[in-house]
Each structure stands twice: as C-alpha cells, then as structure tokens.
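Work through the exercises below with the sequence and the coordinates open. Each task is followed by a solution in steps.

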Amino acid sequence: MSPQTPSDQVIAAPGERTAARHGWVQALLAVVAGAIVMLAVAALGLWGAGAADLPEHAYPRVVAASVVTAVGGTIELAGDAGVIADTRAGLTVIPLSVTLAGALMIAAGFLRPLRHRAVASAAELAGWAARIAVLWLLALLGLALYSHQNFKISLGTGTISDIGDLIGVSPEAGFKTAVPVTLLYGVLWLAGVLVLALLVSRGAPLPARLLRFQESVRPAAYAMVVLLLACVAAGAVVALVVAATRGHVPETFAVIFLGLPNLAWLAFTIGLGATWRGRVDGPFGLPMPHVLDQVLRTPDVSTVNLRTLGHYDGRVWWLPVVDALLLLGAAFLMAARSPARVRAWQHAVRMALALALTVLMICLVGRISAHYGLSLIGIGDAGGGLAGELFLEPRLWGALGIAVVWGLVTGFLGALLARGVRRKGEVVRDTVG
C-alpha cells in the first residue's frame, strides 16, 4: 500500500466531510482572536506611554483608535476653540507592533483549516476569505464607531491664560474615525495579510493554475517574512537590555508594544544605506531612541542616515554588519527552500526583487507625520508649548536602489552557501564499491 500523500487527504467519499473545515465558526474564532491580540498589545503599549491617565476615561477609546490606525484606518483630529480661535491637528502613524500581532494571529487562523492540503480551488479559498472579511469588517466597524473622544486643552498660566479667560476661549481637541475610509483600508489590509499568508506557508494549498509560481515566489516571500521578524526580535532584545541596564521600563513597554517594528525596520533600512529626512519640534514626540531624537530635534529638516546618527553614537556603524548577516541568512534560507535546478544568478535576481518590495513596504508604512497648533485671532501659534510638528519620511528611490544592490550580492552568495544543502529536486546517487 502506498503512503498517503497530501493530495489524498482532500479526497472524501460521497457524504463524508473533508479534513478541512472552514465555516463561519472558524472565521469568527480567527477574527476574535486577532482583535483581542491587537487590543491587548495596544493597551499594554499605551499603558507604558502613560495613556491610562488620560482624562475623561479616554483610555479605552484611544486603545480602539490605535487598533484602527494599525490596519490603515484614518483618525481625524479636530478642535474647537471658539469663534476667534482655532485649533488644528493631524496625525499619520501606524503602530506596527499592533499591526504585526494582528497579522500573525489572523494569518494563523486563516491557514489552520487549510493545513494538510495540496490543492484548493480558487472558489474555495475566496469563500473562506470572504467569511473572515465579513466578520472582520463588522469588528472594525464597531471599533471605528467607538474611537472618538474630545479633550479640553489647558492654556496654562500667564498672559495666554488671561486672554483666554477674557475672551471666553475654551479650546478643545479630539479625534474620531473616518469610517468609510477606515473600512476600505481595513479590508485591503486583511486581503494583503491573507494573500501573504498563502505565499509564505509551504503547506497552504493553492489553485492548480498557480502551482507553477510557488517555486519562485514562496521561498522569497518566506525569506522576507523571516527577515522582518528577525529584525523585530533583535530590536526586542536590544530594548530589553536597555530596560534592564538603564531603567525606563514603562517607556520600553511603550516602544515594544506600539512601535518596535517601526524602529527595527527603520534601523534595517538605515543599515542598508538608506536616508530618511525628518524633524521633531515642540513639546511632543514619539517613543524613540535618544540618538534619533537628537538628530531630528533641530531648527531645520534633518537628514537621518549612518553618517548623521554615527556622529552622536558610533555603535550605529554596526548596523551594516548586522544587516549583512541577516540578509545572508535570508538568502541562504531562500535558496535552501528552492529547487536545486535554480541557478545562482536567478536567486540573486529574486532576492533583489523581494528585498526591494520589502524595503518599499517599510518606507510606506514607516512614515510619520504629526502636527498640532492653537492660534488666537488668526495670528500665529498661541505659544505656551501648544504647537509642535513631527515628521519622518524616506528618500524612496535611493532606498530601493540600495536594496536591489544588496539583494543581488547577498542572493548570489546565499545560493553559493546553500549548494551543499540537499534540496527539493535533487537526486541522490548511491556509489558502489
């Protein structure tokens, strides 16, 4: 009797159920698990950042808003300071720790009923994904409607406060969710997570027409996901060491549970040689290493790269070394999971394309933009530390070009290192005598 193959496992006699069961109950479990994990991670991070002490019991609503922004949703900031005063604000930042936690949990729930399968029809996969999407949109709608809050702003003491009392100015600022846009980006985020899960998982079934692409796409996708997770793991180790040696435990929790991938992936691109530009001005900032705050907190727009960071901390020059080791490991992994017939130059090209797409993703989701201001009678900022600006953005084309070069070199070297590894497609010949 021949051993059972994965494709045999999906064949069932009439009236029998197949091994894979993916109905509404399984979809609900996947969505609920993903939402709970995201809310828990956001709550821990915001607690570390001090948001638990926000007035008017705003903490739960801020947690919900963090989950909304984590999936690409839009939070609108607005203010009301009376007829002759104006408040203005804007915020664009994705808490990637929350994003990553939710993506991993939902992807696991999506793939679990599909394990031990070789082939699945496009209609079956689409139906399973649609169940999750419907429930996910309902959950996201609830979070979006809950994410709204207004705060009163204190003008402090002194002249500004006296003017405010004289003219009856009581400034307020708050946030609410742009529901239609949030639902659109939320379902696009979910689609990206599910597609990437299918690409990364070696055991997930694909429609028969797409099987020919799995040998070229899946090893590269898997290697890039492992690379990104390795960067986050390395960043977590550094953060915990800093917390153990220098204190600041709540701030470290804020970094880990809100923006660890933001910083780890930023450091990864800088180690490759990419350049970012940005500025921090005013009373607020984001959880970030002191050296990055030093570079950004200048009167003019600052350049953030190895040279500028190295001026404040020479340890930054270790980033290219760490990146080289991580990329060689990813290239080796990609080659080891590819068929033996793939040539070294083909590995190099695939690695270059995959790394360029990965860096593009980091540049798109790693942007930060925040500003806030209060003006009286339309003249400037009211002062009193009530105005500020923070932004960070990449020089995109330079980053992509550098990623291609790194990918070509490490992809070729990784293929050479993997030559001694027995891989799919190899035939082992027994020697006689």
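The exercises cover salt bridges, cysteines and one helix pair in this predicted model.

**Exercise 1.** Find which residue of helix H7 pairs with Arg341 in a salt bridge, and classify both partners by exposure.

Solution.
- Step 1. The partner is Glu215, with an N to O distance of 2.4 Å between the side chains.
- Step 2. Glu215 belongs to helix H7 (residues 214-246), while Arg341 sits in the loop between helix H11 (319-336) and helix H12 (344-365). The two are 126 residues apart, so the pair links distant parts of the chain.
- Step 3. Arg341 has a relative accessible area of 59% and is exposed. For Glu215 the value is 25%, which makes this residue partly exposed.

**Exercise 2.** Locate the salt bridge between Glu393 and Arg277 in the secondary structure.

Solution.
- Step 1. The side chains meet at 2.4 Å, N to O.
- Step 2. Glu393 lies in strand S8 (residues 388-394) and Arg277 in strand S5 (residues 276-281), 116 residues apart.
- Step 3. Glu393 is partly exposed at 28% relative accessible area, and Arg277 is partly exposed at 27%.

**Exercise 3.** In the salt bridge of Asp313 with Arg315, decide whether each residue is buried or exposed.

Solution.
- Step 1. The N to O distance for this pair is 2.8 Å.
- Step 2. Asp313 has 19% relative accessibility; because the limit for buried is under 20%, Asp313 counts as buried.
- Step 3. Arg315 reaches 54%; because exposed means over 50%, Arg315 is exposed.
- Step 4. For the structure as a whole, the count of salt bridges is 3.

**Exercise 4.** State how many disulfides the structure has, and classify Cys231 and Cys363 by accessibility.

Solution.
- Step 1. A disulfide is a covalent bond between the sulfur atoms of two cysteines.
- Step 2. Searching the whole structure gives 0 disulfides.
- Step 3. Cys231 is buried, at 6% relative accessibility. Cys363 is also buried, at 0%.

**Exercise 5.** Describe the packing of H12 against H13 by axis distance, angle, handedness and residue classes.

Solution.
- Step 1. Two packed helices are described by the angle and the distance between their axes.
- Step 2. The axes of H12 and helix H13 (residues 396-417) come within 7 Å and cross at roughly 145°.
- Step 3. The crossing of H12 and H13 is right-handed.
- Step 4. The contact of H12 with H13 has 21 nonpolar and 4 polar residues, and no charged ones.

How values were computed. Residues are numbered from 1 along each chain as its sequence is written. This is a predicted model: local features need pLDDT of at least 70, side-chain atom pairs count only at pLDDT 80 or more; totals for chains, interfaces and linings use all residues. Side-chain values use heavy atoms; hydrogens and water are left out. A salt bridge is a side-chain nitrogen of Lys or Arg within 4 Å of a carboxyl oxygen of Asp or Glu. Helices (H or I, at least four residues) and strands (E, at least two) are DSSP runs, numbered from the N terminus. Buried means under 20% relative accessible area, exposed over 50%, partly exposed in between (1.4 Å probe, protein chains only). A disulfide is a pair of cysteine sulfur atoms within 2.5 Å. Axes are lines fitted to C-alpha atoms, for helices over the stretch in contact, and angles run from 0 to 180 degrees between N-to-C directions. A crossing is left-handed if the near helix is turned anticlockwise from the far one by less than a right angle, and right-handed if clockwise. Ala, Val, Leu, Ile, Met, Phe, Trp, Tyr, Cys and Pro count as nonpolar, Asp, Glu, Lys and Arg as charged, and the others, Gly among them, as polar.
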